[in-house]
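Got the structure open in your viewer? Keep the selection box handy, and we'll walk through it stop by stop.

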Amino acid sequence: MTHVAYPVELETHWLQVAQAETRATTIRDVLRRLLPDIQRLADRFTVARPADGIATPYLRDTRACAAYSLFYAPQTHARIAHVLAELPPFPETAQPLRVLDLGAGTGAASWALLDHLGRRPVALTAWDHSRPALRCLHELFAALRRARWPEATLRTNPEPLENFVVSSEKFDVVLLHYVLNELSPSARRTLLARAARSLAPGGRIILCEPLVHEAGDFMRELRTQALADLGLHVLAPCPHEQACPLGEPCHDVRTWKISQALQILNAALHRDLRHLAFAFLVLTPAEREPAQTIRARVVGSPAHAKGQTLCPACCSDGQIHRLQLLHRDFDTAGRKDLRHLERGQMLRLDSLKPLGDPALVRAVPAP
Ligand SMILES: C[S@@+](CC[C@H](N)C(=O)[O-])C[C@H]1O[C@@H](n2cnc3c(N)ncnc32)[C@H](O)[C@@H]1O
């Protein structure tokens, strides 16, 4: 499994913004002075969450944007890279890929998508009610475009998401990263429906959200809405479109490479940043091509014993099975991957064979 490192150029850009804001000279001092700003944001996302539906812009100035971006953007970049790695390539389009980032903030999710797309022409629209965030996003794009995304264009829209309505304009990708949990349940449903009706044929909606226990299992509800009411299909992460069989919110727990500034910040903040826990859903109007193999998504912690790995997985048949993966069925690289198997990873299997123990099935990998 590969880990995409957070690009140094992005971190350097935010350090320069933070340096101008804090007037500190060394990187350590810049980061030390931002700690209270980061703490305020972290509280806003956890212990000081406002009641559902009360949208108070917290990216209220450049300093808050720099604090947000130095602490959260590397995590976002890694999460989006994990999500995009699960997807088939984006379909070819005659014109630049039209991407709409709803609740774009300072652009972290968009930059990860643009990095993934390389030199592909992209027309990015970033929508957020925070003007300072969109200004910062615009400045970063202007500074790094030529070197990183020379074929991309940017348009920003400083408005509340409630103003996003269906028009004749269609998008190939609608990104909603860590936004829906800040909206009321009815605002989430409305936004998803409007996003669905704004998709071009073959387009994709990419939803990614934190596990916020007070918000309930809203991703499961949105999945049901998407399949039952909006005529969408699930491109990832589910290996089937039956009712979700999990007894808890479906999520990934992934390891990643922590960026340098974040390591320095976390020496003072002491957050558990080794793992990224998040929920995601990628929806499309186009029916998915039938898979050639059985797909199984790891939905719990794998256990390793001599010669075998056991893990619960959500499988193409719509059921959760406890898989027995015998190491002898894998080549050297496959055995190494098994040792690092993570919650959320997708396995491609040739067969599932019942065993004497009804709680266990033997999973044979696809060749
Ligand atoms: C946690 S941040 C995520 C930002 C960005 N998507 C990212 O991944 O870095 C949530 C963003 O949603 C925006 N937002 C929240 N509620 C909004 C609303 N009702 N209208 C417009 N923007 C909103 C916030 O201003 C903020 O930039």
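The tour goes from domains to ligand, then to helix pairs and two backbone oddities.

Before you click, note that this is a predicted model: local features need pLDDT of at least 70, side-chain atom pairs count only at pLDDT 80 or more, and totals for chains, interfaces and linings use all residues. Numbering starts from 1 along each chain, as its sequence is written.

**Stop 1: the domains**

Colour residues 8-284 as domain 1 and 294-365 as domain 2; these bounds come from an automatic or database domain assignment. Taken over C-alpha atoms, the centres of domain 1 and domain 2 are 31 Å apart. Now look at where they touch: 13 residues of domain 1 are in contact with 15 residues of domain 2, where contact means C-beta atoms, placed from the backbone, within 7 Å. The domain 1 side of that contact has 7 nonpolar, 3 polar and 3 charged residues. For these classes, Ala, Val, Leu, Ile, Met, Phe, Trp, Tyr, Cys and Pro count as nonpolar, Asp, Glu, Lys and Arg as charged, and the others, Gly among them, as polar.

**Stop 2: the ligand**

Which residues are closest to the ligand? Select Gly103, Gly105, Ala108, His129 and Leu161. The full shell has 20 residues, each with its C-beta atom, placed from the backbone, within 6 Å of the ligand. By class, that shell holds 11 nonpolar, 6 polar and 3 charged residues.

**Stop 3: H4 against H5**

Ala108 from the ligand shell also takes part in the next contact. Select helix H4 (residues 73-85) and helix H5 (residues 108-117), whose axes are 8 Å apart at an angle of about 45 degrees. That angle makes H4 oblique to H5. Helices here are DSSP runs (H or I, at least four residues) and strands are E runs of at least two, numbered from the N terminus. Axes are lines fitted to C-alpha atoms, for helices over the stretch in contact, with angles from 0 to 180 degrees between N-to-C directions. Angles under 35 degrees count as roughly parallel, over 145 as roughly antiparallel, 65 to 115 as roughly perpendicular and the rest as oblique.

Show side chains for Ala73, Thr76, His77, Ile80, Ala81 and Leu84 in H4, which meet Ala108, Ala109, Trp111, Ala112, Leu113 and His116 in H5. This contact has 9 nonpolar, 3 polar and no charged residues.

**Stop 4: H2 and its partners**

Move to helix H2 (residues 27-45) and helix H9 (residues 260-269), whose axes come within 10 Å and cross at roughly 55 degrees. H2 is therefore oblique to H9. On the H2 side pick Arg28, Leu31, Leu35 and Ile38, which meet Ala261, Ile264, Leu265, Ala268 and Leu269 in H9. The tally is 8 nonpolar, no polar and 1 charged.

Now add helix H3 (residues 62-71): its axis and that of H2 come within 9 Å and cross at roughly 80 degrees, so H2 is roughly perpendicular to H3. Leu34, Asp37, Ile38 and Leu41 in H2 meet residues of H3 including Arg63, Tyr68 and Phe71. Ile38 thus turns up in the contacts with H9 and with H3.

**Stop 5: backbone oddities**

Most residues other than glycine have a negative phi, and most peptide bonds are trans. Arg23, in the loop between helix H1 (8-22) and H2, has a positive phi of about 60 degrees although it is not a glycine. Finally, zoom to Ala236 and Pro237, joined by a cis peptide bond with omega about 5 degrees. Pro237 lies in the loop between strand E6 (233-236) and strand E7 (252-255).

Methods
Contact = placed C-beta atoms within 7 Å.
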